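Got the viewer open? Let's take a walk through this one, a selection at a time.

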Amino acid sequence: APGPTPSASGGSAEPLARLRNHPQFNQLRTVVQQNPAMLQQVLQTIGSQDPGLLAEINANQQAFIAMMNEPAPPASAPSPSPAPSGSA
């Protein structure tokens with residue numbers, strides 16, 4: 001059986017996976033949720049740091065808005081670090 005067709009963005013099922021993996025994504029999302037007027041400034045910041053990512057956001061605005069409306073994880077929770085597969 002033929003496998004799924006890879007998309008032009010690298011085959012990721014989620015168009016904005018790059019944004020979700022951005023180190024500041026949770027912080028930016030929290031800022032925008034607390035003050036929606038900051039969205040334009042957040043987008044300008046992303047655009048200055050990573051124009052390619054801003055283009056992805058513009059191409060997937062519905063997905064971006066949905067991600068920004070997701071509940072942010074508690075700030076007190078430490079970010080999970082991958083467990084080492086074996087000691088070197």
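Start with Arg29, which you'll find in helix H2, residues 25-34. Keep in mind as you click that this is a predicted model. Show Arg29 with its side chain: is Arg29 buried or exposed? Its relative accessible area is 3%, and since buried means under 20%, Arg29 counts as buried.

So what does the side chain of Arg29 make polar contacts with? Select Asn26, whose side chain makes a polar contact with that of Arg29 at 2.7 Å. Then add Glu70: its side chain makes another polar contact with the Arg29 side chain, this one at 3.1 Å. Now bring up the rest of the neighbourhood. Leaving out residues up to four places away in sequence, Arg29 touches Arg20, Met67, Met68, Glu70, Pro71, Ala72 and Pro73.

**Next stop: H2 against H5**

Two of those neighbours, Met67 and Met68, belong to H5's side of a helix pair, so colour H2 and H5 (residues 61-69) separately. Two packed helices are described by the angle between their axes and the distance between the axes. Here the axes come within 9 Å and cross at roughly 85°, which makes H2 roughly perpendicular to H5.

To see who does the touching, select Phe25, Leu28, Arg29, Val32 and Gln33 on the H2 side, and Met67, Met68 and Asn69 on the H5 side. By class, the residues of this contact divide into five nonpolar, two polar and one charged.

Zoom in on Met68, which sits in helix H5. Met68 is buried, at 6% relative accessibility. Beyond neighbours within four places in sequence, Met68 is in contact with Phe25, Leu28, Arg29, Val32 and Gln33. If you like a distance label, draw one between the C-alpha atoms of Met68 and Phe25: these two are 43 residues apart along the chain, and the label should read 9.2 Å.

**Over to H3 and H4**

Now select H3, residues 39-49, together with H4, residues 51-59. Their axes lie 5 Å apart and the helices pack at an angle of about 135°. H3 and H4 are therefore oblique to each other.

Which residues meet here? From H3, pick Leu43, Ile46, Gly47 and Gln49; from H4, pick Pro51, Leu53, Leu54 and Ile57. Sorted by class, this contact has six nonpolar, two polar and no charged residues.

Two H3 residues deserve their own click. Take Ile46 in helix H3. Ile46 is buried, with a relative accessible area of 4%. Setting aside neighbours within four places in sequence, Ile46 is in contact with Leu19, Leu28, Pro51, Leu53, Leu54 and Ile57. Leu28 may ring a bell, as it was among the H2 residues that meet H5. Measure across to Leu19 as well: its C-alpha is separated from that of Ile46 by 9.4 Å, with their positions 27 residues apart along the chain.

Then move to Leu43, also placed in H3. Leu43 counts as buried at 14% relative accessibility. Its contacts, leaving aside neighbours within four places in sequence, are Leu54, Ile57 and Phe64. For one more distance label, join the C-alpha atoms of Leu43 and Asn58: the pair is 15 residues apart in sequence and 9.7 Å apart in space.

**A loop residue: His22**

Where is His22? Look in the loop between helix H1 (17-20) and H2. At 17% relative accessibility, His22 counts as buried, given that the cut-off is under 20%. Show its side chain and you'll see that it reaches the backbone nitrogen of Gln24 at 3.0 Å. Leaving out neighbours within four places in sequence, His22 is in contact with Gln49 and Leu53. Both of those turned up a moment ago, where H3 meets H4.

**Zoom out**

Finally, switch to a cartoon of the protein chain. How many helices and strands are there? You should count five helices and zero strands, in the order α-α-α-α-α along the sequence.

Turn on a surface too. The accessible surface comes to about 6,400 Å², and carbon and sulfur atoms hold 57% of it. Buried residues make up 19% of the 88 residues in the chain. As for contacts with a separation of 6 or more, 72% of them are between residues 24 or more positions apart.

Notes
Residues are numbered from 1 along each chain as its sequence is written. This is a predicted model: local features need pLDDT of at least 70, side-chain atom pairs count only at pLDDT 80 or more; totals for chains, interfaces and linings use all residues. Side-chain values use heavy atoms; hydrogens and water are left out. Helices (H or I, at least four residues) and strands (E, at least two) are DSSP runs, numbered from the N terminus. Buried means under 20% relative accessible area, exposed over 50%, partly exposed in between (1.4 Å probe, protein chains only). Contact means heavy atoms within 4.5 Å. Accessible areas come from the Shrake-Rupley method with a 1.4 Å probe; for residues, only the protein chains shown count as cover. A polar contact is a pair of N or O atoms within 3.5 Å; within protein, one must be able to donate a hydrogen and the other to accept it, and residues adjacent in sequence count only if both atoms are side-chain atoms. Axes are lines fitted to C-alpha atoms, for helices over the stretch in contact, and angles run from 0 to 180 degrees between N-to-C directions. Angles under 35 degrees count as roughly parallel, over 145 as roughly antiparallel, 65 to 115 as roughly perpendicular and the rest as oblique. Ala, Val, Leu, Ile, Met, Phe, Trp, Tyr, Cys and Pro count as nonpolar, Asp, Glu, Lys and Arg as charged, and the others, Gly among them, as polar.
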